[in-house]
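Notebook open, structure loaded. I'll jot down what I look up as I go.

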Amino acid sequence: MKKLFIVLGIIMIASIAFLYQGMNAKEQSKKTDVVLPATTLSASKLSELKNDYPSKNDQHKKLGFDCVTCHGDFKDPKEVLPLENKQCLTCHGDYKKVAERTSFLDKNEVNPHDGFHHKDELDCASCHREHKPSVNYCANCHDTKVWMKATP
Amino acid sequence: MDRRTFIKTGAITATAAALSVSSIAPFVDAEENTDTEFDEVFDIIVVGSGLAGTTSAITAAEHGNKVLVVDKMNILGGTSLISGLNFSCVGSDEQKARGIKDTPELMAEDMRKVSEDYGDPELSLTVARMTTRFYHFLKDRGVVFKEFKQLGGHSVARAVWAGGGAFVIRPLHAYARENLADRLTMRKRCKVDDIVFENGRAVGLKVRENYYFDFDDPQNDDKKNKTGTVKYIGAKKGIVFASGGYCRDKKLLGAEADILEETNSDANPGARSGTMQMLMSHGAQAVNLSLFRLAYPIPTEDLMWGMLINPDGKRFVNEFGNRNTIGMTILKEKKKFDGKAPLLIYDQTGADNFHDKQRFQLSMEAKNGYEGTMYKFQTLKEVAKYFGYDPRVLQKAVDEYNAALDSGVDQEFGKDFSQMNGAALRKAPFYAMRLTPKCTYTPGGVRITKEAQMINSATGETFEGLFAAGEATGGVHGAMRLTACSVPDCGAFGLISGDNVSAMKPVKLKMKS
Amino acid sequence: MKKFKIRGYLKGKAVFISLMLATAFVTILIALFSTDVIHATGKSSFCGSCHEMNTFVKTYERDIHGGANRVGFKADCANCHLPQDSKVDYLATKVVSGTKEVAMHFAGKFSEENYYKNRKNREDFVYSSGCISCHQDIDNGKLTTDNEKAKKMHTYYLSKKGSKQAIECASCHIDVGHNGELRKELIDMEKYLDEK
């Protein structure tokens with residue numbers, strides 16, 4: 001009988017822990033009163049634009065970015081240009097860091113961030129696109145499907 | 001029909017070549033704005049950042065001029081950056097060390113041998129004469145030559161090689177950044193729309209900055225792409241057009257010779273004719289536009305080890321023929337089958353026979369350019385499955401080919417079977433790829449004098465303030481550019497244009513206030 | 001007769017075993033919740049004692065958080081991989097993930113590929129409260145940096161915090177703690193290509 005109690009006891013503790021954990025699957029944090037600085041575009045206009053120009057990048061989507069997060073403040077969406085490298089790299093570190101992170105592609109000398117032809121001179125926007133499917137710049141001249149998956 | 005007769009029929013009158021294209025870009029009178037206000041003013045503007053443009057710009061900057069290089073693409077370096085850049089050079093240290101006797105005349109003669117008498121012999125000689133100076137120009141600015149080669153068509157060994165275009169262009173650009181930063185500016189994504197003339201002299205450019213080449217619709221980029229903001233940039237001394245060839249411009253290639261639309265190209269995606277058409281609209285004479293140069297992902301001499309069949313599983317050409325005959329036959333066959341390229345198959349013995357194992361390996365690793373990938377299969381059935389053939393049809397083609405090999409005579413196409421060194425289609429594994437000739441160079445372009453000045457077709461005289469260099473020019477090579485002769489061309493006219501534009505008397509230009 | 005004897009024998013044994021287990025249980029309980037043990041089992045040396053953690057320990061040791069800094073300071077695995085906002089959360093998560101990992105270890109179900117794929121769920125096992133327990137300036141809005149974008153992004157984080165669109169530290173700092181090498185170490189290029 002006692003043995004049974006003990007086993008049950010252990011199971012109980014574990015399941016309480018699991019249950020508790022399950023209930024609080026995500027860490028709960030308190031709301032803050034921090035607000036983002038106002039932009040030329042109203043919040044409603046921003047969410048409207050977000051619908052017109054949806055992000056195709058899962059990671060960026062998860063972060064819930066607004067247009068202005070990457071593009072900076074603007075008045076007319078028509079005047080918005082593709083991002084320059086330095087704009088991407090404010091969050092993504094520097095070119096070398098990106099090349100190191102993707103160095104698993106080095107194996108075949110085909111890491112586009114440190115490639116044979118272009119080294120660190122390709123624009124991010126040559127492949128990575130936010131609002132259209134990304135492309136593989138190398139595919140302009142090469143059969144890349146053998147060495148690379150789709151561009152994130 | 002061989003290539004030569006083809007060209008002759010394609011462009012019966014060589015002088016009509018320019019006209020045939022100017023019909024696409026109607027002749028317009030030069031803009032005679034007498035007092036354009038410029039956003040920026042430089043001494044010299046160079047259009048294009050490949051080898052010719054870079055050379056010209058560095059030379060001009062070293063003469064003390066304020067130089068701007070503009071390139072429409074998202075990356076500087078043009079096609080040169082992604083080319084092999086073998087440099088055929090007379091009087092290199094490598095030649096001296098080996099005691100090789102060579103003269104510019106001999107090199108020019110070699111170049112003329114394959115020109116089929118097209119083009120201007122004087123330009124070839126100018127190119128050959130400048131090679132020694134260009135060799136030292138490169139070496140003194142950080143380019144290191146790793147190999148010395150004897151290449152096909154050259155009567156002596158004279159090609160030096162730095163390891164590829166990146167190993168030439170990158171050191172030059174780095175040199176410019178480090179030593180000429182105060183005088184030389186390089187600007188990418190800047191497209192030239194027009195030339196500003198003042199009293200008949202070219203004094204500036206209308207450009208668009210922040211131009212994004214349309215990779216999604218490259219064929220219509222010149223016509224439809226409206227990106228960028230317009231700016232007027234003045235050039236007090238002159239403008240050098242080193243804007244490259246038009247290998248990727250299937251519209252122009254197709255207009256010159258219908259069948260060329262079937263070619264592949266892995267030149268710079270921006271290698272199109274927009275700038276040349278603009279120059280022609282101002283009257284610049286263009287020559288030899290019908291000429292082209294075909295190549296394959298694998299060396300032509302290694303095609304012979306295999307069998308080429310069309311999508312119906314039939315052979316159609318002697319695989320041991322010459323580059324252009326095979327190329328033109330493939331293009332015609334491709335056209336017959338709605339653009340579907342023929343299949344090239346080797347067995348293991350054939351693969352072992354390759355002269356150039358490195359290029360074979362590149363093909364196996366899928367690094368040999370667009371549609372340059374070779375695949376390996378254990379059985380012919382797998383080959384058939386992968387390339388969409390009926391296995392029985394493929395087997396029949398293979399059997400017939402092997403039988404012909406055994407008989408020793410190729411009744412159909414006259415392939416010389418005595419040279420096959422055991423290559424047949426018997427020994428697994430098999431290697432196969434679709435084979436399309438690539439257009440790798442366009443010998444045609446704007447006509448220049450040996451002083452690199454552009455010629456006005458209307459007056460027959462040179463334009464004041466307009467120079468051209470590199471693949472943008474025509475008439476240097478004639479029908480077939482000799483291997484390793486594009487670098488000396490870019491170098492020679494890069495240096496000459498750089499010198500001559502520097503020697504121009506500056507004009508006074510107005511800045512926007 | 002025989003039967004009876006066995007039963008008696010068993011009964012004696014059972015009491016003994018029960019007693020032993022009970023003692024063990026109580027000891028475990030005390031031990032488990034004693035600060036020392038909690039600390040000891042949160043050390044990277046403890047986590048790294050299982051071979052499947054090799055990759056993680058190796059990349060961690062090359063990271064700023066793993067001692068590759070000027071002063072040699074080290075954060076422990078548990079500092080980031082367990083919530084630090086309440087003791088109960090901490091313990092519950094510890095029991096759950098510990099149990100899972102031990103089970104995985106003995107079931108031999110470990111695979112680096114699974115870990116590779118699981119990187120996209122990193123917000124579930126890298127706790128912002130852990131980061132903030134050291135980097136407090138981020139949470140109290142006193143962050144000082146020359147990088148305007150960094151300031152902007154951390155303001156962004158705070159503005160979303162606690163809301164439905166909340167993001168976590170690891171949402172952006174995707175390679176924190178492992179020197180940006182984890183992805184490379186976990187993945188085999190050939191396998192990566194086969195995935196498609």
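Before the first lookup, a note on terms: by helix I mean a DSSP run of H or I covering at least four residues, numbered from the N terminus. I also note that this is a predicted model.

**Entry 1: one leucine in chain A**

I picked L46(A) and found it sitting in helix α2 of chain A, which covers residues 43-52. Buried or exposed, I wondered about L46(A)? Neither, as it turns out: L46(A) has 14 other C-beta atoms within 10 Å, so I put it down as partly exposed. Skipping residues up to four places away in sequence, I listed what L46(A) touches: L41(A), D66(A), C67(A) and V68(A). I also checked L46(A) against V34(A), twelve residues away in sequence, and got 19 Å from C-alpha to C-alpha.

**Entry 2: chain A as a whole**

I counted six helices and zero strands in chain A, so the pattern along the sequence reads α-α-α-α-α-α. How does its radius of gyration compare with the globule rule? I get 24 Å for chain A, well over the 15 Å that the rule gives for 152 residues, so the chain is more spread out than a compact globule. The C-alpha trace of chain A spans about 75 × 50 × 25 Å along its principal axes. Buried residues come to 14% of the 152 in chain A. I then took the contacts in chain A between residues at least 6 apart in sequence, and 41% of them join residues at least 24 apart.

**Entry 3: domains of chain A**

The domain assignment splits chain A into domain 1 (39-81) and domain 2 (83-152). I put their centres, over C-alpha atoms, 23 Å apart. Seven residues from domain 1 of chain A and seven from domain 2 of chain A take part in the contact. On the domain 1 side of chain A, I sorted the residues touching domain 2 into three nonpolar, three polar and one charged.

**Entry 4: which chains touch**

Two pairs of chains are in contact, and I see the most contacts shared between chains A and C. Chains B and C do not touch, with their nearest C-alpha atoms 13 Å apart. For chains A and B, I logged 18 residues from chain B and 17 from chain A in the contact. The chain B side that touches chain A has nine nonpolar, five polar and four charged residues.

**Entry 5: nonpolar cores**

Which residues touch the most other members of the largest nonpolar core? In that core of 157 residues, I got I45(B), V67(B), I239(B), V240(B), A468(B) and A469(B). Helix α6 of chain B (residues 121-140) gives the most to this core, eight residues. I followed I239(B) further: leaving aside neighbours within four places in sequence, its contacts are I45(B), V47(B), I195(B), A202(B), L205(B), G465(B) and L466(B). I also found a second, separate core of eight residues, including C77(C), A78(C), C169(C) and A170(C).

**Entry 6: a sheet in chain B**

Last, I traced an open sheet of three strands in chain B, in the order β11-β18-β21, with mixed pairing. Its edge strands are β11 (286-287) and β21 (473-474) of chain B, each pairing on one side only. Strand β18 of chain B (residues 445-447) runs parallel to β21(B), and two bridges join them. I looked up R447(B) too, and its bridge partner in β21(B) is G474(B).

Notes
Residues are numbered from 1 along each chain as its sequence is written. Chains are lettered from A and ligands numbered from 1 in the order in which they are written. This is a predicted model: local features need pLDDT of at least 70, side-chain atom pairs count only at pLDDT 80 or more; totals for chains, interfaces and linings use all residues. Domain bounds come from an automatic or database domain assignment. Ala, Val, Leu, Ile, Met, Phe, Trp, Tyr, Cys and Pro count as nonpolar, Asp, Glu, Lys and Arg as charged, and the others, Gly among them, as polar. A nonpolar core is a set of buried Ala, Val, Leu, Ile, Met, Phe, Trp, Tyr and Cys residues joined through C-beta atoms within 7 Å. A residue is buried if 20 or more other C-beta atoms lie within 10 Å of its own, exposed if 12 or fewer, and partly exposed in between; C-beta atoms are placed from the backbone. Two strands pair if DSSP finds at least two bridges between them. The radius of gyration is taken over C-alpha atoms; the globule rule is 2.2 Å times the number of residues to the power 0.38.
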